[in-house]
Amino acid sequence: MWEREGRAFSMYKRMPSRDRSDVMDVEENSAFSQDNMDVETSNPSMWLSFPHVVVGTLSSFLFGYHLGVVNEPLESISLDLGFSGNTLAEGLVVSTCLGGALIGSLFSGWIADGVGPRRAFQLCALPMIIGASTSATTKTLAGMLIGRFLVGTGMGIGPSAVALYVTEVSPASVRGTYGSFIQIATCLGLMVALFIGIPVKEIAGWWRICFWVSTIPAGFLAVAMMFCAESPHWLYKQGRIAEAEAEFERLLGGSHVKYAMVELAKLDRGDDTDTVKLSELFYGRHFRVVYIGSTLFALQQLSGINAVFYFSSSVFKSAGVPSDVANAFIGVANLSGSIIAMLLMDKLGRKMLLLWSFFGMAISMLVQVAAANTFVSGSASLYLSVGGMLMFVLTFALGAGPVPSLLLPEIFPSRIRAKAMAICMSVHWVINFFVGLLFLRLLEQLGPQLLYSMFASVCMMAVVFVKKNVIETKGKSLQEIEVALLPQE
């Protein structure tokens, strides 16, 4: 029986891609179906793919690190480089990085499709090393902005690459858990950045060390990816079937290779060699999933979360709270929520976590509004301000943070996955850029009550959007998800 299947599978590999699906329909109903029970009696070991996922999520660690690296040192940077008191220049130091990320994200889908996720990680690490080195050695605002822009291009490539990679190398049984690693790595990056920034006020020029430190994990990512598995999905789309089988063996174990290849053939149906036109993504049959993904990222950013991360030191300082203590609590709240989300992702499901996360964020912002009320006494205002911000970060990490990066690769068909992720991440970075640029100025002009009320309204809008548009993907095959979301031709 195994010999018969081997001959059929060899014939399948030699056939044109558009004929494969017909062959596989016959095979899965005949010889292969007899062996399917033997192959699928247990889930693949999660430990085979674990080291590959961990290395990939180093890009998320770097993402979080560079989001938080200027938080504590921003005042020292402005003094040393001569733009102290200029809130627009301070906003540019933050948002120029996000502008670079937009450029990187625009090309991330084409890079991942062209050279594969593994090479995309290396291309992500290179500008991060060069940019961080530039920022660490500069003596001018212009040099700092150039360095931050280069780092941003790497940050733009990284999120799409890691979301694709984790989705495509993880066993289905732990895909949600591994997807949560992305958010946990981001949290750890933020915490390390905040921790390393603590001595910045006592040691002159310490902010330069903060930038130099980031080159170490970036260099390790570039080197370690040489020894990691390539995405079998990408290899299959390139027609490199034997290599895809070999990588599945590394990731899942030999007994699961044949079943994984048949499932991959059922997903692709031979149409992955066609060029994906942008018109398909913007107003074609794939518009709905791209709309859902883009809107989720837009709502995530408009909720105010990155304003909290970028400028938490300034906000806590105005509330009379020592910034190092406040930032440490923010890091702990973020990491705690991410770990809880990892434990619940494959139990409660993605949609449930999203709904309660956005609702909790709305309540947290209303607490912030109450803290800013002039009728609240000084000590009560302080407790409400700190408590509301920590509650906001915790509830964000429970769902709104980790779920979109996991959910989007699940709902996008393999044929459009990389390019659709690029479009959604571009929306993410455009909004992120303007939030980083304008938050302090809006806080000055509108006041905390009105601004935080706007953030709370966005969170409630997100609850309604998720309820109406997002389907639950927990326990569903990629075929079932595709059928539920895409209109049939």
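Helices in this description are DSSP runs (H or I) of at least four residues, numbered from the N terminus. The structure is a predicted model, in which local features need pLDDT of at least 70 and side-chain atom pairs count only at pLDDT 80 or more, whereas totals for chains, interfaces and linings use all residues. Residues are numbered from 1 along each chain as its sequence is written, and side-chain values use heavy atoms, with hydrogens and water left out.

A starting point is Lys258, which belongs to helix α15 (residues 257-268). Its relative accessible area of 29% makes Lys258 partly exposed; the scale, computed with a 1.4 Å probe on protein chains only, calls a residue buried under 20%, exposed over 50% and partly exposed in between. Ala260 is also part of α15, but this residue counts as buried at 11% relative accessibility. Each of these two residues has a partner elsewhere in the chain. The C-alpha atoms of Lys258 and Glu245 are 7.9 Å apart, with their positions 13 residues apart along the chain. For Ala260 and Pro171, 89 residues apart along the chain, the C-alpha separation is 9.6 Å.

Glu245 leads to helix α14 (residues 241-252), where it is one of the buried residues, together with Ile241, Ala244, Glu247, Phe248, Leu251 and Leu252. Seen down the axis of α14, these buried residues fall within an arc of 165°, so they line one face of the helix; the arc is taken over the directions from the helix axis to the C-beta atoms. An α-helix has 3.6 residues a turn, so residues three or four places apart point the same way. The 12 residues of α14 reach 16 Å from the first C-alpha to the last, close to the 16 Å expected at 1.5 Å a residue, where the expected span is 1.5 Å times one less than the number of residues. Just after α14, Gly253 takes a positive phi of about 100°.

Burial has another form in helix α5 (residues 58-68), which is mostly covered: 11 of its 11 residues are buried. Among them are Phe61, Phe63, Tyr65 and His66.

Two arginines illustrate polar contacts, defined as pairs of N or O atoms within 3.5 Å; within protein, one atom must be able to donate a hydrogen and the other to accept it, and residues adjacent in sequence count only if both atoms are side-chain atoms. Arg175, in helix α10 (residues 175-196), is buried at a relative accessible area of 9%. Its side chain is joined to that of Glu410 by a polar contact of 2.9 Å. Arg175 and Asp346 are 171 residues apart along the chain, yet their C-alpha atoms are separated by 8.1 Å. Arg417, in helix α23 (residues 417-446), is buried with a relative accessible area of 3%. The side chain of Arg417 reaches the backbone oxygen of Pro409 at 3.0 Å.

A further link across the sequence starts from Phe297 in helix α17 (residues 287-302). Phe297 is buried, at 2% relative accessible area, and lies 9.0 Å from Trp429, C-alpha to C-alpha, with the two residues 132 apart in sequence.

Helix packing completes the account. The axes of helix α20 (residues 350-371) and helix α24 (residues 448-469) come within 8 Å and cross at roughly 165°. That angle makes α20 roughly antiparallel to α24, since angles over 145 degrees are classed in this way. Axes here are lines fitted to C-alpha atoms, for helices over the stretch in contact, and angles run from 0 to 180 degrees between N-to-C directions. The crossing of α20 past α24 is left-handed, that is, the near helix is turned anticlockwise from the far one by less than a right angle.

Conventions. Helices (H or I, at least four residues) and strands (E, at least two) are DSSP runs, numbered from the N terminus. Angles under 35 degrees count as roughly parallel, over 145 as roughly antiparallel, 65 to 115 as roughly perpendicular and the rest as oblique.
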